[in-house]
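Let's take a friendly walk through this fold, from the chain as a whole down to single residues. Please have the viewer open as you read.

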Amino acid sequence: MVRTPPATATAHNRSRFCHNQPILPSRFLALSSIIFCIASAAIWTWSIGLIPSFSKDLRMSVLNSTVPTALHLEQKHKRGGKASGLASSQTGSGELIYGNTAGGGGGGGEALEVKKLAPSWSAFLVDCGSGKVAVYEYGTDANGQPAEMGKTSAKMQVADLLVRQTSEGTDVLAPLWQLLDAKVLDSPASAKGGKRLPPLFVGATAGLREQLMQGHLTLADVASFGDALAQRYGDGDRAVKLELLSEQREAALELAAVRYAYEDSDFEGKKAGGSLSGGGKSCQVVWGGGQRDEFMSLDLDLFAAQRVMGAVGEAQALVWWENHIRGEVLKGTGDTGAGAGEAAGESVYVGITMLASAAVQAEVAGRLVSRADVLSSCANLIARAKAEDYWWQDFVRAAETNGMNSYGLDAATFRTVSILSAMRLQGIVEGAFGDDAKFYFSRTHELAARDESGRSVNVEWPLGALVTETW
């Protein structure tokens, strides 16, 4: 990883500043230089669309409006401290309650617990992410044990479609309707037959949150989208719900998915306690404590990183990306590295979604690994991709058939995304966890003990929403 050394003035520069000029205090000159650099950087990043144009008050308003009663979040004032009431943390970190809350949840919070589902029941859950839409069909057996019956994904940015629809005044959601029609309306599970139609739950994450925060969409626009979903798929007998997932809600549902999927798993005598996940725009980390679990949400936007690379070139962009990752992690953990020592060595942290995909590329997925394993393997992958040597060329060719290039990216874009993703995983593990932390990375997990079919489930927030049934 490249770290930028602090700039130092040469003797020539110092003499030029002092020659025939009033002598200014060195502290004043240093402070002026720092202010100039910060201002220049801010103007540059704003010009390429990296700084969201929203106020703190608007951001807090949007996030507070989306926190459900089923999730109790307490804003941290300091390490180990908390404020009362339901609130959204400015830094995207805080505490959430999961599981047994005997002893009081505080602030009227409600536990997020796995519930017994009805037998022979089915449901559709839709993940509107920042880069794709995934439709999950779930069903339960005669004992109420859930199984993933199918998953269909399409590369689509629903938040951008909604912005276009709002600005153009025309319905541009045809790709989404086509995808949902094929799964929801045409599914055998949706044949009435005297039974109630399977419910439909649509959740939107960081992509839609960002458009709201930047003022490109309003909550009224989101409500109109929900009305359109209900009108098209409600059919008078189907429960339809749209929810804009807050950072807290997304982290809690991912944690619920991890703990449900790995409930029967044993990692050398340890249990799955926390989770770390990543999408196209944000990442969530939860440090497991059992009843109160600290979390942070990080603005680590892969799309923005690619825009920076296109604007300033790879070398400068990677320096910026490394520093940006470090800064986001520090915001979430605090100067002492919150969470780094929590439950270290007592539980295993399960990496899912795009962080698991990065781990697959770095060859640290599907097995229990240490923090050092993750860091060294990511560093190796980054170095190989930068060098574009024979190993990397073979790696790219193999990715066409082994599923690692599931989006069908061209070789150059695949290389860029691989480097950025590996750096993101490396930076999170390095900054948010202590030396004793253990990890297990996988996008899916087989519920062999509970699902007689032996099917694997995708361990993502829709699974957490299903088994907690908080929607």
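## The chain as a whole

Of the contacts in the protein chain with a separation of 6 or more, 70% are between residues 24 or more positions apart. Keep in mind that this is a predicted model. Its secondary structure comes to 15 helices and 15 strands. Of the 471 residues in the protein chain, 49% are buried.

## The largest pocket

How much space lies in the largest pocket? The volume is about 1,200 Å³. This pocket is lined by 48 residues, and those closest to its centre are K132, M354, S406, Y407 and R443. Sorted by class, the lining has 14 nonpolar, 25 polar and nine charged residues.

Several helices and strands take part. At least two lining residues come from each of the strands β5 (146-155), β8 (271-278) and β9 (282-287), and the same holds for the helices α8 (247-261), α9 (302-312), α11 (353-361) and α14 (411-432). Which element gives the most to the lining? That is α11, with six residues.

## L355, in a pocket-lining helix

Helix α11 is also home to L355. Is this residue buried or exposed? Its relative accessible area is 0%, so L355 is buried; the cut-off for buried is under 20%.

Setting aside residues up to four places away in sequence, L355 touches L276, S277, G278, C283, R424, L425, I428 and F441. One of these partners, I428, is 73 residues from L355 in sequence, yet their C-alpha atoms are 9.8 Å apart in space.

## S275, in strand β8

Strand β8, which supplies at least two residues to the lining of the largest pocket, contains S275. With a relative accessibility of 2%, S275 counts as buried too.

Which residues does S275 contact, beyond its neighbours within four places in sequence? They are E254, L255, V258, Q284, V285, V286, Y349 and V350. For a sense of distance to another part of the chain, take R259: this residue lies 16 residues from S275 along the chain, and 8.8 Å separates the two C-alpha atoms.

## Where α8 meets α15

Now turn to helix α8 and its partner α15 (residues 461-468), whose axes come within 7 Å and cross at roughly 80 degrees. The two helices are therefore roughly perpendicular to each other, since angles of 65 to 115 degrees are classed that way.

On the α8 side, the contact is made by E250, L253, E254, A256, A257, Y260 and A261. They meet W461, L463, G464, A465, V467 and T468 in α15. By class, the residues of this contact divide into nine nonpolar, two polar and two charged. Look out for E254 of α8 here, because the same residue is among the contacts of the buried S275.

## Where α13 meets α14

A second helix pair to inspect is α13 (residues 390-399) with α14, where the axes come within 11 Å and cross at roughly 105 degrees. That makes α13 roughly perpendicular to α14.

From α13, the contact involves W392, F395, V396 and A399, while α14 brings A411, F414, R415 and S418. This contact has six nonpolar residues, one polar residue and one charged residue. Helix α14 also supplies at least two residues of the lining of the largest pocket.

Conventions:
Residues are numbered from 1 along each chain as its sequence is written. This is a predicted model: local features need pLDDT of at least 70, side-chain atom pairs count only at pLDDT 80 or more; totals for chains, interfaces and linings use all residues. Side-chain values use heavy atoms; hydrogens and water are left out. On a 1 Å grid over the protein atoms alone, a cavity is a set of points where a 1.4 Å probe fits but cannot get out, and a pocket is an open set with protein on both sides within 12 Å along at least five of seven lines; lining residues have an atom within 4 Å of a point. Grid points are joined across faces, edges and corners, and a volume is the space filled by probe spheres set on the points. Helices (H or I, at least four residues) and strands (E, at least two) are DSSP runs, numbered from the N terminus. Ala, Val, Leu, Ile, Met, Phe, Trp, Tyr, Cys and Pro count as nonpolar, Asp, Glu, Lys and Arg as charged, and the others, Gly among them, as polar. Axes are lines fitted to C-alpha atoms, for helices over the stretch in contact, and angles run from 0 to 180 degrees between N-to-C directions. Angles under 35 degrees count as roughly parallel, over 145 as roughly antiparallel, 65 to 115 as roughly perpendicular and the rest as oblique. Contact means heavy atoms within 4.5 Å. Buried means under 20% relative accessible area, exposed over 50%, partly exposed in between (1.4 Å probe, protein chains only).
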